[in-house]
Amino acid sequence: MTTALLTDQYELTMVDAALKDGTADRRCVFEVFARRLPDGRRYGVAAGLGRFLTQLTEFRFGDEEIGFLRDRRVIDEGTARWLADYRFTGDVRAYREGEVFFPNSPVLQIEGTFAEAVMLETLALSVLNADSAIASAAARMVSAADRRPLAEMGSRRTGEWNAVAAARAAYIAGFGATSNLEAGRTWGIPTMGTAAHAFTLLHDSEEAAFRSQLDALGSGTTLLVDTYDIEAAVETAVRLTGGTLGAVRIDSGDLPSVVASVRAQLDRLGATATKITVTNDLDEYTIAALRAAPVDSYGVGTSVVSGSGHPAAGMVFKLVAHHSPAGEWVPVAKKSAEKASVGGRKEAGRRLRNGIATAEVVLTSGTVGPDERDLLVPVVTHGEVDPAFLGAVGVEAARAHHKRAKAELPADAERIGRGDPAIPTLLV
């Protein structure tokens, strides 16, 4: 399986032209960053690095891919020969997966020849934009949930492979489980799931459906109680389990009032240990509105896999420096209105005071200071990917790093609502 054609045509036409004019081997530095955060977001969460690195190792042009490009007249024979031998041999530094980022944070930095590096633009942006958008939304939901667990269950609201990536990004940002089994197999994420309304409707009665599920999964399962009448369903569930039912799930209605009523009924019937989970089109705002309600856990679908209204993180991929004919680094930058960039290879540090972040420092010269945490780490060296960032091990490391990075943010960064970035970005 190759990832080489998961790209835009102009990457190949640029390489084709650069090979002809002699600039293809010019040493370059490209950076990925977001000019701004989506409205209302106070920080972003960098996600997708492990997926990008995995796909980088599979970025190869075989006979079939080269034949396709020849047939479409995208490349000439010289470029075809170059592509047949393509291997990325450069270096990549990046923000650790799970790190928080701010406007102009250089979350990914690729150094290599122009030709070998520019071809990674579409791949890097398609992965990082989608995964970071989902992780950023998920992190807000985790904050809104106020330490109560969340499960990702949005597979039916996005593309089949997007769903696997979405589950991964949400887990890195603090979700505890996913309904997606492929995400569990590929990335080691805990999986969960019991029954939908169809299972209740299949049976001749709600009680028969409950009995079947209890026989299959035991009394620790979660019963869906809003297919017909919630009060009657709760009574049946408690009666069948003698008050030992693990949880009930509510998927409809005015959740604050319904949850309060169900909690009171469960307690009255002696099922004081039975938990309540809710799953009704939740986002960070509805989760925050339920803070005072006796909800024990949440299941989130559409909102998390769609980035809660912001399906892309707004990241761009820009050339910031290249070698001169004499081999010296030359900073380069766009000057376009509202799309200007800052030239030069960056260093980045998180300025801390008593363990709390006060600024994102992005340097065009010099090194990160003693009161700043260095943010850029090597992930690819001379074309070799660091395996610590790959697979299920990389996901767990990213999840742990996100928890540490989020703990550095000032308290008001967790506020769900409009506001400026939690800390300023200082371009030095």
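A crossing of two helices is called left-handed if the near helix is turned anticlockwise from the far one by less than a right angle, and right-handed if it is turned clockwise. With that in hand, welcome to a short tour of this predicted model. In these terms, the crossing of helix 3 and helix 4 is right-handed. The notes below take up that helix pair and then an open sheet of 4 strands.

**The helix pair**

- Helix 3 covers residues 63-71 and helix 4 covers residues 77-84; their axes come within 10 Å and cross at roughly 160°.
- That angle makes helix 3 roughly antiparallel to helix 4, because angles over 145 degrees count as roughly antiparallel.
- On the helix 3 side, the contact is made by Ile-66, Leu-69 and Arg-70, which meet Glu-77, Ala-80, Leu-83 and Ala-84 of helix 4.
- Sorted by type, the residues of this contact between helix 3 and helix 4 are 5 nonpolar and 2 charged, with no polar ones.

**The sheet as a whole**

- The 4 strands of the open sheet follow the order 16-14-15-19, and their pairing is mixed.
- Strand 16 (372-374) and strand 19 are the edge strands, each of them pairing on one side only.
- From one strand to the next, the twist averages 30°.
- As general background, strands of a sheet pair through backbone hydrogen bonds, in either a parallel or an antiparallel way.

**Strand 15 and its neighbours**

- Strand 15 spans residues 356-363, and 6 of its 8 residues are buried, so this strand is largely enclosed by the rest of the structure.
- Strand 14 (residues 347-353) runs antiparallel to strand 15, and 7 bridges join the two.
- Among the partners across this pairing, Arg-350 is bridged to Glu-360 of strand 15, and Arg-351 has Ala-359 of strand 15 as its bridge partner.
- Strand 14 and strand 15 form a hairpin with 2 residues between them.
- Asn-354, in the turn of that hairpin, has a positive phi of about 55°.
- Strand 15 also pairs with strand 19 (residues 425-427): these two run parallel and are joined by 3 bridges.
- In that parallel pairing, Val-362 stands opposite Leu-427 of strand 19.

Conventions:
Residues are numbered from 1 along each chain as its sequence is written. This is a predicted model: local features need pLDDT of at least 70, side-chain atom pairs count only at pLDDT 80 or more; totals for chains, interfaces and linings use all residues. Side-chain values use heavy atoms; hydrogens and water are left out. Buried means under 20% relative accessible area, exposed over 50%, partly exposed in between (1.4 Å probe, protein chains only). Two strands pair if DSSP finds at least two bridges between them. Axes are lines fitted to C-alpha atoms, for helices over the stretch in contact, and angles run from 0 to 180 degrees between N-to-C directions. Angles under 35 degrees count as roughly parallel, over 145 as roughly antiparallel, 65 to 115 as roughly perpendicular and the rest as oblique. Contact means heavy atoms within 4.5 Å. Ala, Val, Leu, Ile, Met, Phe, Trp, Tyr, Cys and Pro count as nonpolar, Asp, Glu, Lys and Arg as charged, and the others, Gly among them, as polar.
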